[in-house]
Amino acid sequence: MSRPDGHVVARIGKPHALRGEVTVQLHTDDPESRLVPGVVLDTRAEPGSGVPRQLTLATTRVHRGIWLLGFDEIPDRTGAESLRGTRLVLAGDQPDPTEDDEGWYEEDLVGLTAVDPTGAVLGEVVALELGAAQDRLRLRRPDGQEALVPFVEAIVPEVDPEAGRVVVDAPPGLLDLDAKGE
């Protein structure tokens with residue numbers, strides 16, 4: 001379910017180097033138009049973390065396939081470390097060029113029942129794992145094993161928090177492997 005207070009475009013990872021840059025896990029398919037110097041992003045962080053309510057993007061670059069961001073308000077690595085885990089959200093007054101995109105928070109998904117297209121129970125969503133190429137749902141199968149499901153529309157065509165379920169149209173064999181691939 002997308003949040004009415006903005007679209008999450010990235011989640012901050014670890015600091016990079018000494019000048020306050022951070023790695024980010026993207027939650028947008030169009031970072032080039034959303035993550036441009038000068039854009040103001042709202043932040044979502046743990047209460048009391050000291051993270052500013054808004055950050056102004058100063059620099060963006062891609063290093064070895066990883067997006068690195070720098071902010072006007074964060075001058076050094078110590079400040080960058082304090083941002084770890086913070087979600088970056090398009091500020092309410094910023095236009096969202098792809099506003100029909102849906103952004104999902106982990107707390108929206110954890111606890112939902114995963115069913116196949118016929119309604120048969122496949123398991124329960126226990127986590128959303130963020131990845132560089134794509135995010136994955138971690139399912140706890142009825143037998144207690146866990147499986148990772150690519151969180152892409154072709155495999156997860158429906159997410160319905162009100163009904164308490166996600167539909168997983170898994171290709172043959174995807175759910176036969178546990179999360180470690182053993």
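## Salt bridges and a helix residue

Biologist: In this predicted model, which residue does the side chain of glutamate 129 meet in a salt bridge at 3.6 Å, N to O?
Modeller: Look at the nitrogen-to-oxygen distance here, which is 3.6 Å. A salt bridge needs that gap to be within 4 Å, so this pair counts. The partner of glutamate 129 is arginine 136.

Biologist: Is arginine 138 buried or exposed?
Modeller: Arginine 138 also meets glutamate 129 in a salt bridge, 2.4 Å from N to O. Its relative accessible area is 18%. Buried means under 20%, so arginine 138 is buried.

Biologist: Which residues are linked with Glu129 in a network of salt bridges?
Modeller: We've already met two of them: arginine 136 pairs with glutamate 129, and arginine 138 does too. The network has one further name to add, Glu146. That makes the residues linked with Glu129 Arg136, Arg138 and Glu146.

Biologist: Cool. How many salt bridges does the structure hold?
Modeller: Another one joins arginine 84 and glutamate 81, 3.0 Å from N to O. Both ends are partly exposed, with arginine 84 at 46% relative accessible area and glutamate 81 at 38%. For the structure, the count of salt bridges is six.

Biologist: Where is threonine 78?
Modeller: Threonine 78 counts as exposed, because its relative accessibility is 66% and the cut-off is over 50%. Proline 15 is 63 residues away in sequence, but 8.4 Å away in space, C-alpha to C-alpha. As for its place, threonine 78 is in helix H2.

Note on methods: Residues numbered from 1 in each chain as written. Predicted model: local features only at pLDDT ≥ 70, side-chain atom pairs only at ≥ 80, totals over all residues. Heavy atoms only, no water. Helix = DSSP H or I, 4+ residues; strand = E, 2+ residues; numbered from the N terminus. Buried < 20%, exposed > 50% of the residue type's maximum accessible area, 1.4 Å probe, protein only.
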